[in-house]
Amino acid sequence: MIYVAILGFGVVGSGAAEVLASNRAVIEKNLGKAVTVKRILDLREFPDSPFGHLVTHDFNDILNDPEISVVAEMMGGSHPAYDFTKACLEAGKHVVTSNKEVVARFGAELLEIAAAHGVRYLFEASVGGGIPVIRPMVNDLASNEIERVDGILNGTTNYILTQMIAGATFENALKEAQAKGYAEANPAADVEGLDAARKIVILAALSFGTLLSPDKIHCEGITKLTLADVAVAKKLGCSIKLIGHTERSNGKVLAMVSPRLVPLDNPLSGITDVFNGILVDANMVGKVMFYGAGAGKLPTASAVVADIIDIVAHMESDNVRAPKFTVATDADYADFSAYACRTCVAFENTAGAAEKIAAVFGDVKTVTEGDRIAFISDEMTEKTLTDLIAKTDLTLCSRIRVLG
Ligand code: HSE
């Protein structure tokens with residue numbers, strides 16, 4: 001019997017207990033061993049839960065229990081989640097987590113501590129909810145140099161954008177996402193792009209070995225997007241998605257999050273609702289796409305339990321693959337001002353606007369929508385675009401990067 005402890009009995013934590021109990025038979029069949037939850041750490045009581053009797057309010061009940069060999073951290077937030085994770089690893093317990101904040105901020109240190117203590121720190125559920133993406137990147141793409149990753153990494157914002165396109169208001173769509181258990185405790189982390197920033201930082205570290213700080217990368221959310229932007233995108237043959245992007249150039253790593261127009265021939269363009277998609281471009285295999293439910297109780301819990309199963313399956317082996325992250329120094333960050341892409345620019349459609357656009361931007365195809373005129377620019381840096389926009393002497397409505 002393998003005894004597991006759960007830290008944090010919220011949406012994902014209770015989901016993990018449910019997956020382990022509901023799929024007990026299949027897990028035991030696949031592993032040849034039974035896995036059971038022994039203790040659950042939470043500040044609250046859960047008298048109505050079938051797992052309520054396992055709840056403790058004292059972390060030491062878990063840390064000092066020699067029977068508990070695997071700890072699943074699903075508390076959210078940096079502290080005390082990081083502190084408890086570190087203590088468990090140092091005590092020789094394996095840790096799995098869905099906590100992208102801890103992985104993005106402390107992943108390098110925690111992986112090192114795990115290696116030093118002969119245990120594993122796995123975080124499949126930290127990116128893409130239930131989608132298997134971390135393990136395939138660590139194992140199955142190991143023969144490749146990863147060149148870039150683009151992803152829809154936040155289920156809540158993708159759900160909100162999908163609902164808005166169908167006519168819902170931002171506020172109602174957000175309320176629904178919260179009711180479905182997709183949103184973060186503070187949904188500002190979703191709609192302002194921070195959750196996606198943490199995830200792209202993790203994917204950048206898996207791709208390039210360098211762990212950037214989510215606070216130091218360019219991060220824009222969806223709060224400024226309007227239905228007019230969505231309509232313009234449609235007329236230009238694109239959808240709008242919140243995209244995390246990372247690439248390496250000249251030995252430096254760029255990671256960013258922002259809304260993007262996604263051309264309809266890009267497989268990310270059709271991903272709706274709570275689904276996430278992660279498109280990895282690698283030098284031998286080419287493009288590989290990972291797709292599935294990016295948030296929600298049971299999908300995310302399924303990924304947490306997959307990590308527990310991986311740990312149990314390899315408990316007797318001292319030859320398991322583990323990523324190594326190096327904390328980025330300032331010199332590792334690519335200069336964002338040098339980043340170039342095509343951009344959808346929308347101006348107020350005042351008299352002579354088309355001519356003014358043509359005079360500055362050349363022969364671009366314009367579309368009109370309501371009181372707007374819009375087009376997609378050639379590839380250029382942010383600064384060049386800002387200078388050209390100023391030259392038109394038109395009133396800017398929006399500028400949204402295009403995924404290319
Ligand atoms: N709030 C996150 C999302 C949960 O909506 O994607 C999964 O990480």
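I began at Thr 156, where an N or O atom of the side chain is 2.6 Å from an oxygen atom of the ligand; I count such a pair as a polar contact when the N or O atoms lie within 3.5 Å. The model I am reading is predicted, and in it local features need pLDDT of at least 70 and side-chain atom pairs count only at pLDDT 80 or more, while totals for chains, interfaces and linings use all residues. Residues are numbered from 1 along each chain as its sequence is written, and side-chain values use heavy atoms, with hydrogens and water left out.

I then looked up two further contacts to ligand oxygen: a polar side-chain atom of Lys 199 lies 2.8 Å from an oxygen atom of the ligand, and one of Asn 154 lies 3.5 Å from an oxygen atom of the ligand. Of the 260 Å² of accessible area that the ligand has on its own, the protein covers 94% (Shrake-Rupley method, 1.4 Å probe).

Next I listed the shell, taking a residue as near when one of its heavy atoms lies within 4 Å; among its members are Lys 100, Gly 155, Tyr 182, Glu 184, Asp 190, Asp 195 and Ala 295. By class I find three nonpolar, four polar and five charged residues around the ligand, with Tyr and Ala counted as nonpolar, Gly as polar, and Asp, Glu, Lys and Arg as charged.

Helix 7 (155-165) and helix 10 (194-208) are the elements that give two or more residues to this shell; helices here are DSSP runs of H or I with at least four residues, and strands are runs of E with at least two.

Away from the ligand, I searched the whole structure for aromatic pairs and noted 11, where ring centres must lie within 6.5 Å and planes under 30 degrees apart count as stacked, over 60 as edge-to-face and the rest as tilted. One of them is the tilted pair of Phe 361 and Phe 375, at 4.8 Å centre to centre with 55 degrees between the planes. This pair links distant parts of the chain, since Phe 361 is in helix 13 (residues 353-361) and Phe 375 is in strand 18 (residues 372-376), 14 residues apart.

Last, I checked the backbone. The peptide bond from His 79 to Pro 80 is cis, with omega near 10 degrees, and Pro 80 has its place in the loop between strand 4 (68-73) and helix 4 (81-90).

Notes: A polar contact is a pair of N or O atoms within 3.5 Å; within protein, one must be able to donate a hydrogen and the other to accept it, and residues adjacent in sequence count only if both atoms are side-chain atoms. Rings of Phe, Tyr and Trp (its six-membered ring) pair if their centres lie within 6.5 Å; planes under 30 degrees apart count as stacked, over 60 as edge-to-face and the rest as tilted.
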